Amino acid sequence: MTGSGVRIDGNTLWLPGGVAVRFIRTLRLPETGTHPLPPGLGEFPVRRVADHADSVPREWRARGGVMLPVYLREAMWLSFSGTTEPAALQVGVGKVCAVSGRPWSDRLSRDPQNYAVLPRQPWLDGINSGKGTVRQFVAVPLGLGATVEGQVTGEEVWGGVQLQSFPLTEPLRTEWRRREQERAEARRRAIAAGPAGGYGAPEPMAAAAPGAPGAAGTPRFGGAAMGLGVGGSMRQEVHRDDRPLTDWSEQPAGRVFVHLVTPPQWRHITGEAPPPSPVDRAAYTAAGLPWFDYYDADARDLAPTDTLEAVAPVGEWLGDDPDPWQPPSAGQVTPLKDAPGKPVEDGEW
């Protein structure tokens with residue numbers, strides 16, 4: 001078993017280069033229409049596989065990484081709030097790239113782009129599926145063919161979520177840090193000069209605001225617990241990288257396999273109670289809690305790929321959602337922007 005370069009602090013995964021990833025519980029959207037970004041309902045608890053080696057499946061021990069509990073058809077989004085330096089982050093769902101729809105790769109690609117650009121990308125709620133939209137990440141069991149993995153590859157072998165980070169090349173990273181130090185010093189001088197110098201100016205938006213947001217054949221089940229399918233569509237851009245590909249390191253600095261565990265498995269493996277079941281949407285909307293629209297006028301959106309556009313929602317396998325949908329009122333939608341822990345072990349995957 002080798003080190004992954006990843007550390008866990010509370011429920012935050014820290015990948016090399018200052019990349020922070022948290023998994024956020026959220027409301028599941030209807031599978032028709034396009035919606036604002038749903039609010040967050042708190043973090044999923046994250047635990048190291050190595051801390052529960054005696055109670056996890058053997059293949060999980062081989063893959064290393066971490067695990068978190070999810071309910072059937074529960075939705076999640078990934079927050080990158082707290083990321084401190086530029087990074088290219090690959091996000092896999094069952095080892096299918098959530099940005100390009102291509103198979104998992106140890107290299108960055110631009111045609112099509114197979115990574116998110118951090119910290120420019122503040123969060124990712126689902127797969128890149130349409131112009132200016134994503135389809136929500138929704139947890140489903142393997143074996144039905146409902147996961148992105150099953151629909152794209154015709155097999156369900158891996159499940160879970162895979163993360164891999166690439167920093168800037170060393171000369172560019174050194175230069176970026178130098179410029180950041182100069183900007184920080186300029187801010188300190190401005191604050192010392194008093195209000196006229198800019199004290200009280202708004203800070204850059206934190207990415208936690210909305211968590212403040214098929215192949216032919218029968219899929220083969222390979223023994224993992226849960227994977228990610230897709231649910232409803234929401235307005236969210238996956239940003240096109242403005243840097244040349246040569247700005248990024250050729251080799252990943254760190255990677256981690258995130259296993260998705262059912263609540264009974266979670267209790268059996270960890271001895272902990274799983275989080276409460278997802279909140280009822282009608283009650284949440286009736287409480288007047290906010291939704292979000294995020295628009296970045298300076299960013300360019302990635303075009304969707306044919307592979308991911310063709311992924312069908314989980315309702316086609318599991319049936320219609322029994323809970324009535326309560327859409328937010330216009331006043332509930334909030335515009336955003338222009339509108340040291342333990343090391344995580346890596347394994348074979």
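The following legends describe close-up views of a predicted model.

**Figure 1. Confidence along the predicted chain.** The average pLDDT of the chain is 82, and 76% of the residues score at least 70. Over residues 196–216 the pLDDT is below 50, although this stretch has 51 contacts in the model beyond near neighbours in sequence. Where pLDDT is low, the predicted coordinates should not be read in detail.

**Figure 2. Strand 14 and its two partner strands.** Strand 14 comprises residues 161–167, and seven of its seven residues are buried. Burial extends to both faces of the strand: Val161, Leu163, Ser165 and Pro167 lie on one side, with Gln162, Gln164 and Phe166 on the other. Strand 9 (residues 87–93) pairs with strand 14 in the antiparallel sense through seven bridges. Strand 16 (residues 254–261) is also antiparallel to strand 14 and is joined to it by five bridges. Leu163 illustrates both pairings: Val91 has Leu163 as its bridge partner in strand 14, while Val256 is the bridge partner of Leu163 in strand 16.

**Figure 3. The largest nonpolar core and a second, separate one.** The largest nonpolar core holds 57 residues, of which Leu13, Val21, Phe23 and Leu163 touch the most other members. Leaving aside residues up to four places away in sequence, Val21 touches Asn11, Thr12, Leu13, Leu15, Leu78, Ser79, Phe80, Leu89 and Leu163. A second core, separate from this one, has eight residues, among them Tyr115, Val117, Phe166 and Trp248. Strand 14 contributes to both views, with Leu163 in the largest core and Phe166 in the second. In soluble globular proteins, nonpolar side chains tend to be buried together.

**Figure 4. The edge-to-face pair of Trp77 and Trp123.** Three aromatic pairs are found in a search of the whole structure. In the pair formed by Trp77 and Trp123, the ring centres are 6.2 Å apart and the planes stand at 75°, so the arrangement is edge-to-face. Trp77 belongs to strand 8 (residues 75–79) and Trp123 to strand 11 (residues 123–124), so the pair ties together parts that are 46 residues apart in sequence. Trp77 counts as buried because its relative accessibility is 0%, and Trp123 counts as buried at 1%.

**Figure 5. The aromatic cluster of Trp104, Phe257 and Trp349.** Ring pairs link these three residues, Trp104, Phe257 and Trp349, into a cluster. Between Phe257 and Trp349 the ring centres are 5.3 Å apart and the planes are at 80°, so this pair is edge-to-face. Phe257 is buried, with 1% relative accessibility, and Trp349 is buried at 8%.

**Figure 6. Arginine charges over aromatic rings.** Arg25 lies over the face of Phe44, 5.8 Å from the ring centre. Arg243 places its charged end over the ring of Trp248, at 5.8 Å from the centre of that ring. Trp248 is also one of the residues of the second nonpolar core.

**Figure 7. Strand 15 between parallel and antiparallel pairings.** Strand 15 (residues 226–235) is largely enclosed by the rest of the structure, because nine of its 10 residues are buried. Strand 4 (residues 34–35) runs parallel to strand 15 and is joined to it by two bridges. In this pairing, Thr34 stands opposite Ser233 of strand 15. Strand 13 (residues 133–141) pairs with strand 15 in the antiparallel sense over eight bridges, and Val134 has Met234 as its bridge partner in strand 15.

Terms used. Residues numbered from 1 in each chain as written. Heavy atoms only, no water. Buried < 20%, exposed > 50% of the residue type's maximum accessible area, 1.4 Å probe, protein only. Helix = DSSP H or I, 4+ residues; strand = E, 2+ residues; numbered from the N terminus. Pairing = 2+ DSSP bridges. Core = buried A, V, L, I, M, F, W, Y, C linked by side-chain atoms within 4.5 Å. Contact = heavy atoms within 4.5 Å. Phe/Tyr/Trp six-rings, centres within 6.5 Å; stacked < 30°, edge-to-face > 60°. Lys NZ or Arg CZ within 6 Å of the ring centre and 35° of its normal. pLDDT = per-residue confidence, 0-100.
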